[in-house]
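Here's a quick briefing to read with the structure open beside you. Have a look at the model first, then come back for the notes.

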Amino acid sequence: MTAAKPAFKRVLLKLSGEALMGDQSFGISPDMMKYVAEEVKSIHELGVEVAIVVGGGNIFRGIAASSYGMDRAPADHMGMLATVINSIALSGALEKIGIPTRVQSAISMHEVAEPFILRRAVRHLEKGRAVIFAAGTGSPYFTTDTAAVLRAQEIHAELLMKATKVDGIYDKDPVKEKDATFFPRIKYMEVLEKQLNVMDMTAISLAMDNNLPLSVFNLSGKGNIFKVVTGAKDVGTLIDN
């Protein structure tokens, strides 16, 4: 695989917290964490600069807690802390297989993560370090999807990669509906108009306004991250303008 050439110099990978659970119902699966680290290594070895944003749904979901009476702001802050736990775990898995990393948090916790400083993050990427952005945007009411689009814009990533549990974007849930139609490529405006459940609408709108290409693909397909970065046309869905 190392003979292939990357189609992008700098990318941002968005991982959901649920993806790190593997077959478990809660928490972090060591096997899944190792798998994700190896997938990231496959593109890091190509010389691609890799930034990562991880969700926290495997530990705590702020929006879920707010639905049963908890105030949204503190619930979201708890969710941010869950993303920090995942980010530190992923950092450890990447370091273990030889990829230098830095965790940057949008909320201050100097003992476990650097503060998010844009120029420092870019410098880490230029030096070949994988940068993991933790704690979302640092503000409640914004999802880690929105944080991923925001960070991708700030570091001038050429592609935002969203790893999911399905093969890409469908007009309805392919798990429940066998006649779901797959979109190999779609425009951002169509995603908004059709209310397709890819990311929250704030994230989609922000990506659309800034012409940020978004690739949605299945994380469990071994080699999919490598294929997307090397420009394969048969993997996932590409969203652009």
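Contact here means heavy atoms within 4.5 Å. Keep in mind that this is a predicted model. The notes below cover a set of binding-site positions, a pair of aromatic rings, a helix and a loop residue.

**Binding-site positions**
- The UniProt record, an unreviewed entry, lists Gly56, Asp76, Thr137, Gly138, Ser139, Pro140, Tyr141, Phe142, Thr143 and Thr144 under "binding site".
- From that set, Gly56, Asp76, Thr137, Ser139, Phe142, Thr143 and Thr144 help line the largest pocket.
- Gly138 sits in the loop between β5 and α5 (144-154), and its contacts, leaving aside neighbours within four places in sequence, are Met80, Ala106 and Ile107.
- Ser139 lies in the loop between β5 and α5, and it's partly exposed, with a relative accessible area of 33%.

**Aromatic rings and an arginine**
- Searching the whole structure turns up two aromatic pairs.
- One of them is Phe116 with Phe133: the ring centres are 5.6 Å apart and the planes meet at 80°, so this pair is edge-to-face.
- Phe116 is in the loop between β4 (114-115) and α4 (118-126), while Phe133 is in strand β5 (residues 130-134), so the pair ties together parts that are 17 residues apart in sequence.
- Are these two rings buried or exposed? Phe116 is partly exposed at 22% relative accessible area, whereas Phe133 counts as buried at 2% relative accessibility.
- Arg151 lies over the face of Phe116, 3.8 Å from the ring centre, and also over the face of Phe133, 5.9 Å from that ring's centre.

**Helix α1**
- With 15 residues at 1.5 Å a residue, α1 should span 21 Å, and its end C-alpha atoms are indeed 21 Å apart.
- Its buried residues are Met32, Met33, Tyr35, Val36, Ala37, Glu39, Val40, Ser42, Ile43 and His44.
- What do the buried residues of α1 pack against? Their partners are β1, β2 (49-54), α3 (72-96) and α8 (224-229).

**Ala19, in the loop before α1**
- Ala19 lies in the loop between β1 (10-15) and α1 (30-44), and it's buried, with a relative accessible area of 11%.
- Not counting residues up to four places away in sequence, Ala19 touches Met32 and Leu219.
- Ala19 and Leu219 are 200 residues apart in sequence, but their C-alpha atoms are 7.9 Å apart in space.
- Met32, the other residue that Ala19 touches, is one of the buried residues of α1.

Conventions:
Residues numbered from 1 in each chain as written. Predicted model: local features only at pLDDT ≥ 70, side-chain atom pairs only at ≥ 80, totals over all residues. Heavy atoms only, no water. Phe/Tyr/Trp six-rings, centres within 6.5 Å; stacked < 30°, edge-to-face > 60°. Helix = DSSP H or I, 4+ residues; strand = E, 2+ residues; numbered from the N terminus. Buried < 20%, exposed > 50% of the residue type's maximum accessible area, 1.4 Å probe, protein only. Lys NZ or Arg CZ within 6 Å of the ring centre and 35° of its normal. Expected span 1.5 Å × (residues − 1). UniProt positions renumbered as here; feature names shortened; annotations may be inferred. 1 Å grid on protein atoms, 1.4 Å probe; cavity = no way out; pocket = protein on both sides within 12 Å on 5 of 7 lines; lining within 4 Å.
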